[in-house]
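Here is a short tour for a fellow modeller. Have the sequence and the coordinates open, and follow along residue by residue.

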Amino acid sequence: MRDFLRAGSFKVLMIAVVVLVGLLIYTASAGGSLVASLLGFVSTPMQSVATEVTDNVTEFLDLDAFTKDELKSLVAALQEENNLLQDKLVDYAEAQQENQRLKEQLKISIEAPENEMRSASVIGRDPNDPFFGFSIGVGTLSGVNVGDPVITSRGLVGVVAQAYPTTSKVNCLLSEEVKVAAVSIDRQESGLVSCSITMASSGLLRMNYLPSDSQIVPGDIITTSGVSGAFPPKLKIGQVQSVEKSETDVSRYAVIKPFEDLSSVKEVQVIVSFPGKGEEEATIVPSLESDGEEDPE
């Protein structure tokens, strides 16, 4: 023990104790604590930074500094900016639709450059129409007339039944009033494509007047034949699902699934002119004749 008290390490320990006691006495007399002082030394720079940031945010959002008129002006400016942003969104959506229409028209034009077309959007549908007819946003001012075929890049979808200056009504391919001279491109057998209310509910078509020994089989592609003068040739219609025996005679008929979903068409092309148009009597009987004077209400 005596050797330890004489050792250098003991002297160092005693010096450290004396310094610590002195610091405690000093901080106590100053009204603080050593621990608090040390923590304050470390945290003070961080508090300064946080305070500066908070002050800046408070200054930016200090609405109490505004007068009533200034607040009204601020709200009006924000509303105007919001309106401008909404207008830009509408313009962007319209530009996208127009771009899509042009793409469709270009694609179809490449396949059949001899046909003259007008792009159109579907602007309305009658929820009570079991045949899924629809209205489009082009009419006689754009060269559209009753009987013009209506298509998409996937195929024929209908025929213009009523034409007004800026709008038109389209009888869907599922309508009982639309009949299309058609041909199987695989077998070169011809028939007449039509529909009934029963088949329309299933979204299917029927190709009638096939011979009793028809070679058409499921999977064959059906297109317009062009023989009636009402439609250009080679417009795609659909694909054969089955071949059945007619209920009334010895002929057969094919059940066809259209290539296009006729109940949800949004963008179309109207063929206003094509080689051979009107050379023979068209096989379309519109539900109503156009008076060509005013748009429907």
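The report below starts with the whole chain and then turns to single residues and their partners.

## The chain as a whole

Please keep in mind that this is a predicted model. The protein chain has 5 helices and 12 strands. Of its 297 residues, 33% count as buried. The chain exposes about 18400 Å², and carbon and sulfur atoms supply 58% of that area.

How do the contacts spread along the sequence? Among contacts between residues at least 6 apart in sequence, 59% join residues at least 24 apart. The residues below give you some individual cases to look at.

## Ile222 and its surroundings

A good place to begin is strand β9, which covers residues 221-224 and includes Ile222. Is Ile222 buried or exposed? Its relative accessibility is 0%, so Ile222 counts as buried, the cut-off being under 20%.

Leaving aside residues up to four places away in sequence, Ile222 touches a list of partners that includes Ala182, Val183 and Ser184, as well as Val193 and Met207. Further along the chain, its partners include Leu235, Lys236, Ile237, Gly238, Val240 and Ile256. Ile185 is 37 residues from Ile222 in sequence, yet the two C-alpha atoms are 6.3 Å apart in space.

## Val180 in strand β6

Strand β6 spans residues 180-184, and Val180 lies in it. With a relative accessible area of 1%, Val180 is buried. Its C-alpha atom is separated by 8.4 Å from that of Ser225, which is 45 residues away along the chain.

## Glu260 and its two partners

Two side chains to look at here are Thr152 and Arg154, each paired with Glu260. Thr152 lies in strand β3, residues 149-152, and counts as buried at 7% relative accessibility. The side chain of Thr152 makes a polar contact of 2.6 Å with the side chain of Glu260.

Arg154 forms a salt bridge with Glu260, and their closest N and O atoms are 3.9 Å apart. Arg154 sits in the loop between β3 and β4 (155-163), while Glu260 is in the loop between β11 (252-258) and β12, so the bridge ties together parts that are 106 residues apart in sequence. The accessibility of the partners can be set side by side: Arg154 is partly exposed at 45%, whereas Glu260 counts as buried at 16%.

## Further salt bridges

How many salt bridges does the structure hold? There are 5, and the pair just described is one of them. Another joins Lys277 and Asp148, with the closest N and O atoms 2.7 Å apart. This pair links distant parts of the chain: Lys277 is in the segment after β12 (267-273), and Asp148 is in the loop between β2 (134-136) and β3, 129 residues apart. Lys277 is partly exposed, with a relative accessible area of 36%, whereas Asp148 counts as buried at 0%.

The side chains of Glu247 and Arg206 also meet in a salt bridge, at 2.9 Å from N to O. Here too the pair links distant parts of the chain, 41 residues apart: Glu247 belongs to the loop between β10 (236-245) and β11, and Arg206 to strand β8, residues 205-210. Glu247 counts as exposed at 59% relative accessibility, while Arg206 counts as buried at 17%.

Technical notes: Residues are numbered from 1 along each chain as its sequence is written. This is a predicted model: local features need pLDDT of at least 70, side-chain atom pairs count only at pLDDT 80 or more; totals for chains, interfaces and linings use all residues. Side-chain values use heavy atoms; hydrogens and water are left out. Helices (H or I, at least four residues) and strands (E, at least two) are DSSP runs, numbered from the N terminus. Buried means under 20% relative accessible area, exposed over 50%, partly exposed in between (1.4 Å probe, protein chains only). Contact means heavy atoms within 4.5 Å. A polar contact is a pair of N or O atoms within 3.5 Å; within protein, one must be able to donate a hydrogen and the other to accept it, and residues adjacent in sequence count only if both atoms are side-chain atoms. A salt bridge is a side-chain nitrogen of Lys or Arg within 4 Å of a carboxyl oxygen of Asp or Glu. Accessible areas come from the Shrake-Rupley method with a 1.4 Å probe; for residues, only the protein chains shown count as cover.
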